[in-house]
Amino acid sequence: MVPARAAFLALTLVSGAQASPHEFTLANGLRLIVKEDHRAPTVVHQVWYRAGSMDESPGTTGVAHVLEHMMFKGTRRFGLGEFSRLVAEAGGRDNAFTSTDFTVYHEQVHRDRLPLVMQLEADRMANLVIRPEEFAREIKVVMEERRRSYEDRPRSLLIESLLSTAFAAHPYKWPTIGWMEDLENMSWRDARDWYKHWYAPNNAIVVVVGDVDPQKVLAWARRSYGALARKATPARKTLAEPAQRGAKRVTVKAPAELPYVRLGYKAPVLRDTAKDWEPFAISLVAELLGGSDAARLHQVLVRERRVATSISADYEMVSRGPGMVFVEAAAAQGRSGAELETGVREVIAGVAASGVSAEELNRARVQLLAQLVYKRDSFFAQALELGELEASGLSFRDADRIAGRLKEITVDQIRAAAARYLVDDGLTVAVLDPQPLNPRPASAVVPRVKP
Amino acid sequence: MTLSAAAPAEAGVKIDHWTAESGARVNFVESHALPIVDVAVEFAAGSAYDSREQAGLGRLTLAMLKAGSSRYSETEASRRIADAGAQLQENFDLDRAGFALRSLSSEAERKAATQTLADMLQAPLFPVEAFEREKASAIANAREAETQPDRVAERRLYALMYPAHPYGFSETPDTLASIRREDVERHYRSCYGAARAVVTIVGDLDRNAARALAEELTSRLSKGTDPALAPVAALPAGATLRVAHPSTQSHVLLGAAALARADPDYFPLFVGNYSLGGGGFMSRLLREIREKRGYAYSVYSYFRPYEREGPFLVGLETRRDQAREALELARAVVGEFVKHGPTEAELKAAKKSLVGGFPLRIDTNHKILEQIAAIGFYRLPLAWLDEFPARVEGVTLAQVRSAFARRIDPEKLSIVVVGAPD
């Protein structure tokens, strides 16, 4: 197909024009990665701590995320609310997120305000104050967050159950937000201990992308982060998941209308960008199965057989822990969860048994390569890519190698990867069993009465 | 630590505006920094142009544009888009219906993608089989939505805020079931004319190529007429609707029709709302309801301006047994704010944040596309973005107080609580 070739050409030109990031390590072990991009007078600043829910223990699940909330509660130097006030008055946006693998704090500001946010992040890296009364209020907020994102969202509950079923030993088996029971039993001391253990310059990576001069950023980093002392972090155990020996399944009952299934297949992740080929092949398999309307699952199950109303596949090849290919699908009206699951598994088995056409592979490849180009429209997305690679034990330099590796994958490798990983032995199926809402009859409009 | 004065606004976004041969309005921002072209084509064909009986027709019509056209079948069209590395997204709201297409700027890819979009927009066939499938899917999704407390709350609130205006219509399994293929064809004919079309182009192509692209996307459209959307009648008296749902949280929404896009009160309300519920941790609602009491994770207020008076909306979710307290507190915060307005210090902080943060509103092609598409659709001045910092800076305390007092009557807010306490 001609379009595919032309796209490769354009992409080659594109990667040649991109500035490569600068990398620095401060004396205290903090790593700094700076990528210049002068398209707009703004900058993204992200602090990545290599501590996520996979570093937690049973009984205190969710503490990484709870600490993330507490990081906005003031330090010895800046009182409660000062952090957000100073960033807001500088015209900045700030927030944070916690994942299984890391906790990330981020700010977007005009380039002139970068020194301010570096100073604020450096301050809370070492000087956080965790007040028991603030913790008591914030843990309630986190429980509301859990209710909102999980308890009342059947499809989120299904993801939670899928993971807790798929993993027997690895901490990916518990949700990053934590079990509600653990949140109820959590103490401010748990949050304090977490902070003491993991928040250190030698466990952090700072990523800066935007309209900046790398040498100036380094100078600011030395003045802010450079003043902090290195400290010992807990030894990390190797966390391995024993081999799965056959399909697992779990059912979740919750109020919903449409049957919904989510399948997870255990899969490898990227450890050596130069040598590994399977993660690239699996990325392409996920894309050609469920990356767009043109992908196989949509074509067969939504358009031809009308078993599903929506369907998609997803795989992250960069991860600290074990990988998984996910497929999610919602049933069409009148179709059962069983019909839906059978359909999905048939289409996937077809790829494992018979492989894919060169046309399908090229389509998936062009989509993934184009997405790498589109990512460059956003400083934030670029910073995420660099930080994720570094925090997962790879190198930010791998970002430039991914396109090249994707281009090398052949249809034979696609079939081999599918035949090895998209099989029942490593499969977990989670099925949503829709329950009637059963509302009490009273649902009435009442005129407002002035109090 | 030093805090310098607010950063000066940088060189703005240069918009090139013209009218296509067909009469469609076109706005173009040339930018060669990345090999990407973003195109949005939007029509005055949002849900406001549905009838109450056939609510959902607009959204279904938009979905059907992708289902096959004179040159490409549904499958061919989706493959052509994918083979070009392009991404096609449906945009649909109360006023607007259309697509945003993101493509590589290399000629072969861009042309394959835009030709496909051009045919979808101008020569759709509405195949019977695809219609039945899309209709069934819309009905299934509407049924699913009826089980989701957040969706139920929003739907019921809009119905209360707009009892007689199409902004309050919402699609249900019944309204969708009444739609026939001919209705879709009719809706397309009446709403997808050039007079109702706005084309926005941002990215790596020159003016000549942009002109040719705008022609390609609109020259085959019917002329069409520019619609006049009915005004929103006087505000309904406030009512509270409690809806039973087995959710662990109560979903609480308060709102009222308040602000049109081209309204002179836009800036006073926008700036004022920062201190009420738009400015995150800087806002009163978040401070009182989340920070001080831990009632909710998310609590906010916003104005969403449309062609006619779009809603002012306050929302929160909280554990069922504290929903009453949280709702009363939200009402009290809004009431107090409407009565007295923000403090001088709050207004100053809001302006600093909004002016200083202006560069973040236009630092990606995607954000520029969305801003320019709104400017084009609502016929805002082309200098709207350039003037934004000065307009924010110019807002006075008296203007905020006056605008809130005139636009928001705390006693007339419509209120919905889904998953209401027993």
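Which residues does Ala330(B) touch, not counting residues up to four places away in sequence? I would like to begin there, and I should say at once that what we have above is a predicted model. With those sequence neighbours left out, Ala330(B) touches Leu254(B), Leu285(B), Ile289(B), Val314(B) and Leu316(B). Ala330(B) is also one of the residues with the most contacts inside the largest nonpolar core, which has 277 residues, and the others named with it are Leu284(A), Val285(A) and Val325(A). As general background, nonpolar side chains in soluble globular proteins tend to be buried together.

Let me stay with chain B and turn to its strand E8, residues 249-259, which is mostly covered, with eleven of its eleven residues buried. E8(B) pairs in the antiparallel sense with strand E10 of chain B, residues 310-319, over ten bridges, and within that pairing the bridge partner of Ala257(B) is Pro311(B) in E10(B). E8(B) also pairs with strand E11 of chain B, residues 414-418, again in the antiparallel sense, here over five bridges, and in this pairing Gly255(B) stands opposite Ser414(B).

Now to the helices of chain B, where helix H1, residues 57-65, has nine of its nine residues buried and is therefore largely enclosed by the rest of the structure. The buried residues of H1(B) include Leu57(B), Leu60(B), Leu62(B) and Leu65(B), but also Arg59(B) and Thr61(B). What covers the buried residues of H1(B)? The cover includes strand E4 (87-92), strand E5 (96-104), H3, helix H4 (128-145) and helix H7 (181-191) of chain B.

That brings us to the packing of H3(B), residues 107-122, against helix H2(B), residues 74-83, where the two axes come within 8 Å and cross at roughly 150 degrees. Because angles over 145 degrees count as roughly antiparallel, H2(B) and H3(B) are therefore described as roughly antiparallel to each other. The crossing of H2(B) past H3(B) is left-handed, and at the contact Ala77(B), Arg80(B), Ile81(B) and Asp83(B) from H2(B) meet Ala112(B), Ala113(B), Thr116(B) and Met120(B) from H3(B).

Chain A offers another helix pair to set beside that one, namely helix H2 (residues 63-70) and helix H5 (residues 132-151) of chain A, which pack at an angle of about 120 degrees with their axes 10 Å apart. That angle makes H2(A) oblique to H5(A). H2(A) passes H5(A) in a right-handed crossing, in which His65(A), Val66(A), His69(A) and Met70(A) of H2(A) meet Phe135(A), Glu138(A), Ile139(A), Val141(A) and Val142(A) of H5(A).

H5(A) comes up again when we look at how the chains meet. In all, 70 residues of chain A are in contact with 71 residues of chain B. Among the elements that give two or more residues to the side of chain A that touches chain B are helix H1 (2-17), helix H4 (114-126), helix H13 (358-374) and E5 of chain A. H5(A) gives the most to that side, with nine residues.

E5(A), residues 103-110, pairs in the antiparallel sense with strand E4 of chain A, residues 93-98, over six bridges. The two strands form a hairpin with four residues between them, and the bridge partner of Thr98(A) in E5(A) is Thr103(A).

How are the five strands of the open sheet in chain A ordered? Their order is E7-E11-E8-E10-E9, and the pairing is mixed. The edge strands, each of which pairs on one side only, are E7 (248-255) and E9 (308-315) of chain A. Neighbouring strands of this sheet are turned by 15 degrees against each other on average, direction ignored. Looking at one edge in detail, E7(A) runs parallel to E11(A), residues 427-435, and eight bridges join them, with Ala430(A) in E11(A) as the bridge partner of Val250(A). Helix H6(A), residues 154-166, lies across E7, E8, E10 and E11 of chain A, and runs at about 155 degrees to E7(A).

I will finish with a single residue, Lys407(A), which has its place in helix H15 of chain A, residues 402-408. Is Lys407(A) buried or partly exposed? It counts as partly exposed, because it has 14 C-beta neighbours inside 10 Å. Lys407(A) and Phe280(A) are 127 residues apart in sequence, and their C-alpha atoms are 9.2 Å apart in space.

Note on methods:
Residues numbered from 1 in each chain as written. Chains lettered and ligands numbered in written order. Predicted model: local features only at pLDDT ≥ 70, side-chain atom pairs only at ≥ 80, totals over all residues. Buried ≥ 20, exposed ≤ 12 C-beta atoms within 10 Å, placed from the backbone. Pairing = 2+ DSSP bridges. Core = buried A, V, L, I, M, F, W, Y, C linked by C-beta atoms within 7 Å. Contact = placed C-beta atoms within 7 Å. Axes fitted to C-alpha atoms, helices over the stretch in contact; angles between N-to-C directions. Parallel < 35°, antiparallel > 145°, perpendicular 65-115°, else oblique. Left-handed = near helix turned anticlockwise from the far one by under 90°.
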